[in-house]
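Here are my notes on the model you sent round. Have it open beside you while you read.

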Amino acid sequence: MSESAKALAARLEKRFGETLVESCVHVGQATVKVAAEHLRSVCLALRDEEEFAFRQLIDVCGVDYLDYGRADWETSETATSEGFSRGVERREDRQETIDTGRYVVVYHLLSHVNNQRLRVKTRSEEHTSELQ
């Protein structure tokens with residue numbers, strides 16, 4: 001694991017404390033999960049505080065976890081069995097599911113000043129009547 005990513009995760013935990021649902025390093029990149037009600041304040045701090053200086057949004061995407069851990073991806077008969085991941089490991093005893101919420105919004109941020117990347121995740125309700 002990247003020492004820089006570990007150090008960033010530790011600084012984020014110290015700065016945001018209980019505001020973070022989870023903090024970890026995954027595939028060499030720091031990742032934080034933030035409750036939706038704290039997303040705006042956390043993102044503003046990540047952008048405006050010089051310690052972090054995440055001033056570029058690289059990517060934003062949505063993830064639907066409807067069948068995560070329960071079903072394999074359906075592919076055509078021409079898909080190779082040695083190609084890309086099929087979504088889940090093929091095991092009979094696999095019971096892993098997402099416990100709360102179906103949708104997740106994922107933001108990928110970049111700090112040019114600190115030469116660091118950060119993944120920020122937040123859960124979204126299935127039905128939202130209005131945007132905040």
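The points below go from confidence to the sheet, then the helices, then a few single residues.

1. Ground rules. This is a predicted model, so local features are taken only at pLDDT of at least 70 and side-chain atom pairs only at pLDDT 80 or more, while totals for chains, interfaces and linings use all residues. Numbering runs from 1 along each chain as its sequence is written, and side-chain values use heavy atoms, with hydrogens and water left out.

2. Confidence. The pLDDT (the predictor's confidence in each residue, from 0 to 100) has a mean of 81 over the protein chain, and 69% of the residues reach 70 or more. Among the elements, helix 2 has the highest mean, 97, and strand 1 the lowest, 92. Residues 93–97 fall below 50; beyond near neighbours in sequence, that stretch has nine contacts in the model. A contact here means heavy atoms within 4.5 Å.

3. The sheet. Helices (H or I, at least four residues) and strands (E, at least two) are DSSP runs numbered from the N terminus. Two strands count as paired if DSSP finds at least two bridges between them. On that basis, five strands make an open sheet in the order 1-2-5-4-3, with mixed pairing. Strand 1 and strand 3 (56–64) are the edge strands, each pairing on one side only. From one strand to the next, the twist averages 20 degrees.

4. Strand 2 and its partners. Strand 2 runs antiparallel to strand 1 over six bridges and parallel to strand 5 over four. Follow Thr 31 to see both sides: its bridge partner is Cys 24 in one direction, and Arg 119 of strand 5 in the other. Strand 2 is also mostly covered, with five of its six residues buried. Buried means under 20% relative accessible area, exposed means over 50%, and partly exposed is in between (1.4 Å probe, protein chains only).

5. Helix 1, geometry. Does the length of helix 1 agree or disagree with what its residue count predicts? It agrees: at 1.5 Å a residue, the 14 residues (3–16) should span 20 Å, and the end C-alpha atoms are 20 Å apart. The expected span is 1.5 Å times one less than the number of residues. After the helix comes Gly 17, with a positive phi near 50 degrees.

6. Helix 1, packing. Its buried residues are Ala 5, Leu 8, Ala 9, Leu 12 and Phe 16. Seen down the axis, they fall within an arc of 100 degrees, so they line one face of the helix; the arc is that of the directions from the helix axis to the C-beta atoms. These buried residues pack against strand 1 (20–26), strand 2 (29–34), helix 2 (39–48) and strand 5 (116–124). The face turned away from the buried side carries the exposed Glu 3 and Lys 14.

7. Helices on the sheet. Helix 1 lies across strand 1, strand 2 and strand 5, at about 170 degrees to strand 1. Helix 2 also packs on the sheet, touching strand 2, strand 4 (103–111) and strand 5, and its direction makes about 170 degrees with that of strand 5. For these angles, axes are lines fitted to C-alpha atoms, for helices over the stretch in contact, and the values run from 0 to 180 degrees between N-to-C directions.

8. Positive phi outside glycine. Val 27 has a positive phi of about 50 degrees although it is not a glycine. This residue belongs to the hairpin of strand 1 and strand 2, which has two residues between the strands, and at 73% relative accessibility it counts as exposed. Ala 53, in the loop between helix 2 and strand 3, has a positive phi of about 55 degrees, again without being a glycine. Ala 53 is buried, with a relative accessible area of 1%.

9. Lys 33. This strand 2 residue counts as partly exposed, at 30% relative accessibility. Leaving out residues up to four places away in sequence, Lys 33 touches Leu 20, Val 21, Glu 22 and Lys 121. The C-alpha atoms of Lys 33 and Ser 23 are 6.4 Å apart, with the two residues ten apart along the chain.

10. Gly 101. Look in the loop between strand 3 and strand 4. Gly 101 counts as partly exposed at 44% relative accessibility. Its C-alpha is 9.3 Å from that of Asp 64, although the two are 37 residues apart in sequence.
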